[in-house]
Amino acid sequence: MTLDRVCKRFGGVVAANEVSFSLSPREVHGLIGPNGSGKTTVLNLISGVTEMDSGNIWLDGQLISKQPCHVRARGGVSRTFQHPRLLKRCDIQTNLYLGIDLANMKQKSMTSCGYTLSELLDAAGLSINMNDSITTLSYGQQKLFEIVRAILSHPKVILLDEPAAGLNSKEMERVVALIDCAVKGDAAVLLVEHSMDLVMSLCNGITVLNFGRPIAEGQPEEIQSNEAVIEAYLGR
Ligand code: ADP
């Protein structure tokens, strides 16, 4: 997937200012920066929740930036939210398959060597009864469940918005295991995350935003020693 000079303004705030970067299959790409720097806006622009002002987004050579959300989802863009968005009145099974193209999913899980649902649930440490209410899961389990759901459809791109926020260290290990599954299934993962340990250990490439604008892009070692990034975000 490629973002090419993507821009989004909310009134006087430029939330995304000429944002460009590319993700390859099996890459974990970090998107970091201070609060309010535009990270979630970029995820919303990619998934189609927010309409961009200018720029282009390409997926497998196809221009997707004018497509509605559901078309992008069907075309292989999936995501999680900072706070899980699940249907509280529905059971686990309904939440799991919500919005998933089942025929497509079954075909892919038969033809690719990525993962099965039970492997994903194992990686997430979730032993669940499909008929239970989603509210029987703790907050951390709901976040992990949402990642399982995002990976289950074998997407090309998975957007994770602060997957580790609010999780304990054991649950954070589960996030890492799930990202491993996604990568094995050939997905590209875009990771918005404040845990620098997680970002620096998992990511192949990192883009840093400040006031909506990319101020650095590179490998973890380059980013950690970049003066502009230290000044704007990492501190000394
Ligand atoms: P981050 O995810 O890095 O914390 P956001 O993308 O949430 O940053 O926000 C970037 C900027 O855009 C902030 O100044 C925020 O207040 C503003 N913003 C985000 N979404 C909206 C919106 N729907 N309406 C108005 N302003 C918004």
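The following exchange works through a predicted model of a protein chain with a ligand.

Student: What is the mean pLDDT of the protein chain in this predicted model?
Tutor: The model as a whole scores ipTM 0.98 and pTM 0.93. For the protein chain, 94% of the residues reach a pLDDT of 70 or more. The mean pLDDT of the protein chain is 92.

Student: What radius of gyration does the protein chain have, and how does the globule rule bear on it?
Tutor: The chain holds 10 helices and 10 strands. For its 236 residues the globule rule gives 18 Å, and the value computed for the chain is close to this, so the chain is as compact as a globular protein of that length. Its C-alpha trace spans about 50 × 40 × 35 Å along the principal axes. The radius of gyration is 17 Å.

Student: Among contacts between residues at least 6 apart in sequence, what percentage joins residues at least 24 apart?
Tutor: Burial gives some context here, since 40% of the 236 residues of the protein chain count as buried. Among the contacts between residues at least 6 apart in sequence, the share that joins residues at least 24 apart is 70%.

Student: Which element gives the most residues to the shell around the ligand?
Tutor: The residues around the ligand are Phe 10, Val 13, Ala 15, Gly 33, Asn 35, Gly 36, Ser 37, Gly 38, Lys 39, Thr 40 and Thr 41. Two elements, β2 (13–22) and α1 (39–47), give two or more residues to this shell. By class, the shell divides into 3 nonpolar, 7 polar and 1 charged. The element that gives the most, with 3 residues, is α1.

Student: Is Leu 209 buried or exposed, and in which strand is Leu 209 found?
Tutor: Leaving aside neighbours within four places in sequence, Leu 209 is in contact with Leu 31, Gly 33, Ser 37, Gly 38, Lys 39 and Pro 214; Gly 33, Ser 37, Gly 38 and Lys 39 are also listed among the residues around the ligand. The C-alpha atoms of Leu 209 and Met 172, which are 37 residues apart along the chain, are separated by 24 Å. Because Leu 209 has 26 C-beta neighbours inside 10 Å, where 20 or more are required, Leu 209 counts as buried. The strand in which Leu 209 is found is β9.

Student: How many of the 14 residues of α6 are buried?
Tutor: Helix α6 reaches 20 Å from its first C-alpha to its last, close to the 20 Å expected at 1.5 Å a residue. Its buried residues include Lys 143, Glu 146 and Arg 149. The helix is largely enclosed by the rest of the structure, because the number of its 14 residues that are buried is 10.

Student: Which residues does Lys 143 touch, not counting those up to four places away in sequence?
Tutor: Lys 143 lies in helix α6 and is buried, with 27 other C-beta atoms within 10 Å. Its C-alpha atom is separated by 9.7 Å from that of Ala 124, 19 residues apart along the chain. The residues that Lys 143 touches are Pro 84, Pro 163 and Leu 167.

Student: Which residue takes a positive phi just after α7?
Tutor: Helix α7 (residues 169–184) has 16 residues and reaches 23 Å, close to the 22 Å expected. Its buried residues, among them Arg 174, Leu 178 and Val 183, pack against elements including α6 (139–152), β8 (188–192) and α8 (196–202). Just after the helix, at about 75 degrees, the residue with the positive phi is Asp 186.

Terms used:
Residues numbered from 1 in each chain as written. Predicted model: local features only at pLDDT ≥ 70, side-chain atom pairs only at ≥ 80, totals over all residues. Near = placed C-beta within 6 Å. Helix = DSSP H or I, 4+ residues; strand = E, 2+ residues; numbered from the N terminus. Nonpolar A, V, L, I, M, F, W, Y, C, P; charged D, E, K, R; others polar. Expected span 1.5 Å × (residues − 1). Buried ≥ 20, exposed ≤ 12 C-beta atoms within 10 Å, placed from the backbone. Contact = placed C-beta atoms within 7 Å. pLDDT = per-residue confidence, 0-100. Rg over C-alpha atoms; globule rule 2.2 N^0.38 Å.
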